[in-house]
4 protein chains.
Amino acid sequence: MPYKHTFRVHWVDTDVAGVMHFTNYLRYFEACEEEFYRSISLPFHDIQRSYGITFPRVEAHCTYKAACRFDDFFEVTMQIHEVAEKTITWEFRATRQKDGKLAAEGFIKCIAVNSEWKAVSLPPKLAKTIQEKGQ
Amino acid sequence: MPYKHTFRVHWVDTDVAGVMHFTNYLRYFEACEEEFYRSISLPFHDIQRSYGITFPRVEAHCTYKAACRFDDFFEVTMQIHEVAEKTITWEFRATRQKDGKLAAEGFIKCIAVNSEWKAVSLPPKLAKTIQEKGQ
Amino acid sequence: MPYKHTFRVHWVDTDVAGVMHFTNYLRYFEACEEEFYRSISLPFHDIQRSYGITFPRVEAHCTYKAACRFDDFFEVTMQIHEVAEKTITWEFRATRQKDGKLAAEGFIKCIAVNSEWKAVSLPPKLAKTIQEKGQ
Amino acid sequence: MPYKHTFRVHWVDTDVAGVMHFTNYLRYFEACEEEFYRSISLPFHDIQRSYGITFPRVEAHCTYKAACRFDDFFEVTMQIHEVAEKTITWEFRATRQKDGKLAAEGFIKCIAVNSEWKAVSLPPKLAKTIQEKGQ
């Protein structure tokens with residue numbers, strides 16, 4: 001089952017057009033990812049401490065379908081698209097709570113790097129956990 | 001010739017990994033787009049006043065190649081990828097000034113909407129200007 | 001009793017020093033204010049619709065005592081400092097949940113303006129509600 | 001003479017009220033401070049490398065006088081208010097270029113800390129340089 005987390009559009013998230021700025025969807029997608037890792041008891045810092053790796057982003061994509069405005073609740077769902085040797089790709093969907101309309105959908109691709117920012121293979125145990133929990 | 005504008009990574013643009021947050025490249029791409037329209041004497045507000053249209057984003061994409069850090073200068077170049085009936089797609093590249101390395105590249109697709117946020121055809125004169133100046 | 005709301009430091013909130021950027025405390029203070037108004041069934045848009053007023057900020061102040069870092073939970077408490085003829089001043093405190101240390105405290109002063117951004121007296125009923133609920 | 005730097009209000013800086021969000025003035029004040037240090041050939045990283053200190057903020061204050069909107073140019077001026085044993089306090093003013101109106105003014109107080117975030121005395125040579133150049 002996709003992981004879900006609900007967010008609220010804050011005043012500072014909006015722009016002069018009256019809608020949430022397009023880059024903030026990607027920020028909330030990342031915030032959802034943070035919550036997911038916490039929900040499986042693997043906050044980023046633990047991954048860093050246990051495995052010596054972090055996950056810089058190598059690709060991000062988003063399409064915008066309907067605007068979210070100040071005060072709107074929206075639900076972000078995320079699901080594994082692919083766990084590859086060195087990369088993890090997450091799919092995200094943001095749905096407006098008031099009418100169930102899809103607001104935005106996209107993906108973020110992360111790469112495992114060591115402390116020198118060199119790409120490394122995902123530790124098999126970590127890859128398996130993410131694959132299983134992120135389905 | 002692509003339009004070019006140079007930006008600086010500010011402290012607030014960075015994150016705990018010591019690099020510019022991935023969503024800020026898209027923010028600077030948009031800032032470059034704003035500068036482009038000013039450079040052809042067509043700031044967004046004039047387009048709104050003259051043609052009654054604005055350009056919400058319908059798609060954004062970015063791949064990340066090399067990190068920009070605090071204080072780094074980076075040059076953003078932008079060029080028309082496509083001017084369609086109702087949409088404009090811009091390609092962007094961010095290059096680190098100190099070593100000429102490509103930091104990020106991507107595109108942003110905008111749609112012309114009227115004051116009720118209904119998609120409308122681009123006014124031919126505006127489409128022509130953007131096509132010509134954005135090459 | 002002060003109104004309370006708990007927030008989490010997101011990755012994007014941090015900077016290269018590894019701590020939450022100082023301006024983000026004020027952003028979360030404002031987010032707490034938004035939640036307060038919702039909690040008394042008076043979201044900003046309802047105030048705007050019912051009374052024709054909005055609350056631009058005329059003053060903001062914050063002192064920083066201890067850093068919040070990525071993943072930290074912090075509790076924001078807010079309480080009325082003063083409801084004057086045209087202004088409302090809120091006091092805020094952000095406390096780190098893990099050790100109960102005060103992270104930051106400050107205030108935000110808002111002014112009631114009409115649709116032309118002219119300062120106006122607070123409607124007595126609204127002033128009374130805010131005074132009572134915000135204590 | 002106060003140090004001056006001109007900035008532009010970007011789309012992402014605005015909010016649903018159509019004006020620059022109040023926290024962004026403090027962000028631009030900090031950006032101005034960054035430019036100042038560069039202008040005297042002392043970018044933050046050099047201060048860190050040469051003296052082993054950084055400057056977290058311990059206090060920030062801003063009053064808002066007139067709104068800046070999308071596309072507005074505004075000039076930030078900064079000047080030393082006080083160089084104390086361990087702290088530096090900068091005063092800032094943001095002026096709208098189109099009409100010369102004061103938009104916002106405030107101050108930011110920074111403290112010198114070593115690599116363990118312990119407050120330390122400002123190196124006399126650095127204090128003197130900042131005092132002289134920041135007047």
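Visitor: Is A:Glu132 buried, partly exposed or exposed?
Guide: This is a predicted model, and every value here is computed from it. A:Glu132 has 47% relative accessibility. Exposed would need over 50%, and buried would need under 20%. So A:Glu132 counts as partly exposed.

Visitor: Which residue forms a salt bridge with A:Glu132?
Guide: Look along helix α3 (residues 124-133) of chain A. The partner lies 4 residues apart from A:Glu132, about one turn of the helix. The closest N and O atoms of the pair are 3.4 Å apart. The partner is A:Lys128.

Visitor: Where does A:Lys128 fall, buried or exposed?
Guide: The relative accessibility of A:Lys128 is 52%. The cut-off for exposed is over 50%. Therefore A:Lys128 counts as exposed.

Visitor: In chain C, what is the N to O distance between C:Glu132 and C:Lys128?
Guide: Both residues lie in helix α3 (residues 124-133) of chain C, 4 residues apart. C:Glu132 is partly exposed at 49%, and C:Lys128 is exposed at 53%. Their side chains meet in a salt bridge, and the N to O distance is 3.4 Å.

Visitor: Are C:Glu35 and C:Arg38 buried or exposed?
Guide: These two side chains meet in a salt bridge, 3.1 Å from N to O. They sit in helix α1 (residues 22-39) of chain C, and because they are 3 residues apart, about one helical turn separates them. To count as buried, a residue needs under 20% relative accessible area. Both C:Glu35 and C:Arg38 are buried.

Visitor: Which residue of chain C is linked in a network of salt bridges with A:Glu34, A:Glu35 and A:Arg38?
Guide: Three members of this network belong to chain A: A:Glu34, A:Glu35 and A:Arg38. The member from chain C is C:Asp71.

Visitor: How many salt bridges are there between chain A and chain B?
Guide: The whole structure holds 40 salt bridges over all chains. Between chain A and chain B there are 12 residue pairs in polar contact. For salt bridges between these two chains, the count is 0.

Visitor: How much area do chain A and chain B bury between them?
Guide: The contact takes 20 residues from chain A and 20 residues from chain B. In chain A, A:Phe22, A:Arg27 and A:Trp117 lose the most area to chain B, together 29% of what that side buries. Carbon and sulfur atoms carry 61% of the buried total. That total is about 1800 Å².

Visitor: Which element gives the largest share of the side of chain A that touches chain B?
Guide: That side divides into 10 nonpolar, 5 polar and 5 charged residues. α1 (22-39) and β2 (57-64) of chain A each supply at least two of its residues. The largest share is 8 residues, and it comes from β2(A).

Visitor: Which residue stands opposite A:His61?
Guide: Strand β2(A) is joined by 5 bridges to strand β2 (residues 57-64) of chain B. The two strands run antiparallel. Opposite A:His61, in β2(B), stands B:His61.

Visitor: What area is buried between chain D and chain A?
Guide: Here the contact takes 8 residues from each of the two chains. There are 5 residue pairs in polar contact and 0 salt bridges. The chain D side has 4 nonpolar, 3 polar and 1 charged. Carbon and sulfur atoms give 71% of the buried area, which is about 820 Å².

Terms used: Residues are numbered from 1 along each chain as its sequence is written. Chains are lettered from A and ligands numbered from 1 in the order in which they are written. This is a predicted model: local features need pLDDT of at least 70, side-chain atom pairs count only at pLDDT 80 or more; totals for chains, interfaces and linings use all residues. Side-chain values use heavy atoms; hydrogens and water are left out. Contact means heavy atoms within 4.5 Å. Buried area is the accessible area (1.4 Å probe) that two parts lose on being put together, summed over both. A salt bridge is a side-chain nitrogen of Lys or Arg within 4 Å of a carboxyl oxygen of Asp or Glu. A polar contact is a pair of N or O atoms within 3.5 Å; within protein, one must be able to donate a hydrogen and the other to accept it, and residues adjacent in sequence count only if both atoms are side-chain atoms. Ala, Val, Leu, Ile, Met, Phe, Trp, Tyr, Cys and Pro count as nonpolar, Asp, Glu, Lys and Arg as charged, and the others, Gly among them, as polar. Two strands pair if DSSP finds at least two bridges between them. Buried means under 20% relative accessible area, exposed over 50%, partly exposed in between (1.4 Å probe, protein chains only).
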